[in-house]
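Welcome! Here is a friendly walk through one protein, taken piece by piece. Have a look at the picture before reading on.

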Amino acid sequence: MAVTMSMRKMLTVSAAMVCAVAVASLYGASASTETRFIKNTIASHQIVIFSKSYCPYCRRAKAVFKELNKVPYVVELDQREDGSDIQDAFMALIGRRTVPQVFVNGKHIGGSDDTIEAYESGKLSKLLGINEEHKADL
Ligand SMILES: N[C@@H](CCC(=O)N[C@@H](CS)C(=O)NCC(=O)O)C(=O)O
């Protein structure tokens with residue numbers, strides 16, 4: 001069967017499409033499911049705490065937002081099967097796998113100590129648009 005000009009064109013276009021898909025899967029879709037979960041969660045909520053339900057440092061971070069009358073979106077990693085994988089994704093993203101990890105307006109605040117510091121310095125209130133009058137000892 002003779003290969004016509006239009007068949008040759010079709011083959012070229014198909015080959016180009018296969019290459020494009022291969023390149024996209026190598027680069028565009030390279031983020032892990034856990035990384036995408038972290039990014040989507042942070043983008044969908046004003047305040048996010050990646051926490052463990054029994055962790056005293058997490059309790060301290062939660063107390064900061066209670067003091068500010070704000071309700072954070074909390075992901076309890078010890079209550080999820082993919083909790084450890086999410087911690088690994090944090091290691092790749094921010095170089096830490098400890099909890100809590102706190103995010104406000106998509107910005108990484110840090111762990112418990114960082115969150116307390118941001119509260120005490122007024123940085124947290126500023127980020128949340130709160131006019132604070134007093135600060136509790138946490
Ligand atoms: N200095 C850190 C301490 C955080 C920390 O040590 N968290 C413990 C849990 S209470 C942790 O992540 N341990 C390792 C793990 O649970 O995988 C902070 O202020 O956030």
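## A tour of the fold

Strands β3 and β4 are paired antiparallel, with three bridges between them. Strands here are DSSP runs of E with at least two residues, helices are DSSP runs of H or I with at least four, and both are numbered from the N terminus. Two strands count as paired if DSSP finds at least two bridges between them. What you see is a predicted model, in which local features need pLDDT of at least 70, side-chain atom pairs count only at pLDDT 80 or more, and totals for chains, interfaces and linings use all residues. Residue numbers start from 1 along each chain as its sequence is written.

Let us stay with this pair for a moment. V102 has G110 as its bridge partner in β4. The two strands form a hairpin with two residues between them. N105, in the loop between β3 and β4, has a positive phi of about 50° although it is not a glycine. N105 counts as exposed because it has 12 C-beta neighbours inside 10 Å. The cut-offs behind such words are these: a residue is buried if 20 or more other C-beta atoms lie within 10 Å of its own, exposed if 12 or fewer, and partly exposed in between, with C-beta atoms placed from the backbone.

**The whole chain**

Stepping back, the protein has six helices and four strands. From the N terminus on, they follow the order α-α-β-α-β-α-β-β-α-α. Of the 138 residues, 22% are buried. Among contacts with a separation of 6 or more, 62% are between residues 24 or more positions apart; a contact means that two C-beta atoms, placed from the backbone, lie within 7 Å.

**The sheet**

The four strands make an open sheet in the order β2-β1-β3-β4, and their pairing is mixed. At the edges are β2 (73-76) and β4 (107-110), each pairing on one side only. On average, neighbouring strands are turned by 20° against each other, direction ignored. Helix α3 packs on this sheet and touches β1 and β3 (101-104), its direction making about 165° with that of β1. Angles like these run from 0 to 180 degrees between N-to-C directions, and axes are lines fitted to C-alpha atoms, for helices over the stretch in contact.

Strand β1 (residues 47-51) runs parallel to β2, joined by four bridges. With β3, β1 pairs in the antiparallel sense, over four bridges. The table lists some partners of β1 residues.

| Residue in β1 | Opposite residue |
|---|---|
| I47 | V104 in β3 |
| I49 | V74 in β2 |
| F50 | V75 in β2 |

Is β1 mostly covered or open? It is mostly covered, as five of its five residues are buried. I47, I49 and S51 point one way from β1, while V48 and F50 point the other way.

**Two helices that cross**

Two packed helices are described by the angle between their axes and the distance between the axes. Helix α2 (residues 33-44) and helix α4 (residues 83-94) pack at an angle of about 80°, and their axes are 9 Å apart. That makes α2 roughly perpendicular to α4, a term used for angles of 65 to 115 degrees. On the α2 side, E34, T35, F37 and I38 meet D85, I86, A89 and L93 of α4. By class, this contact has five nonpolar, one polar and two charged residues. Ala, Val, Leu, Ile, Met, Phe, Trp, Tyr, Cys and Pro count as nonpolar, Asp, Glu, Lys and Arg as charged, and the others, Gly among them, as polar.

**Around the ligand**

Which residues are around the ligand? They are K52, C55, P56, Y57, Q87, T98, V99, P100, G111, S112 and D113, where a residue is near a molecule if its C-beta atom, placed from the backbone, lies within 6 Å of it. The elements giving two or more residues to this shell are α3 (56-67) and α5 (112-121). The shell divides into five nonpolar, four polar and two charged residues.

**Backbone details**

Most residues other than glycine have a negative phi, and most peptide bonds are trans. V99 and P100 are joined by a cis peptide bond, with omega about 0°. P100 sits in the loop between α4 and β3. In the loop between α3 and β2 lies N69, which has a positive phi of about 55° although it is not a glycine. N69 counts as exposed because it has 8 C-beta neighbours inside 10 Å.

Terms used
Angles under 35 degrees count as roughly parallel, over 145 as roughly antiparallel, 65 to 115 as roughly perpendicular and the rest as oblique.
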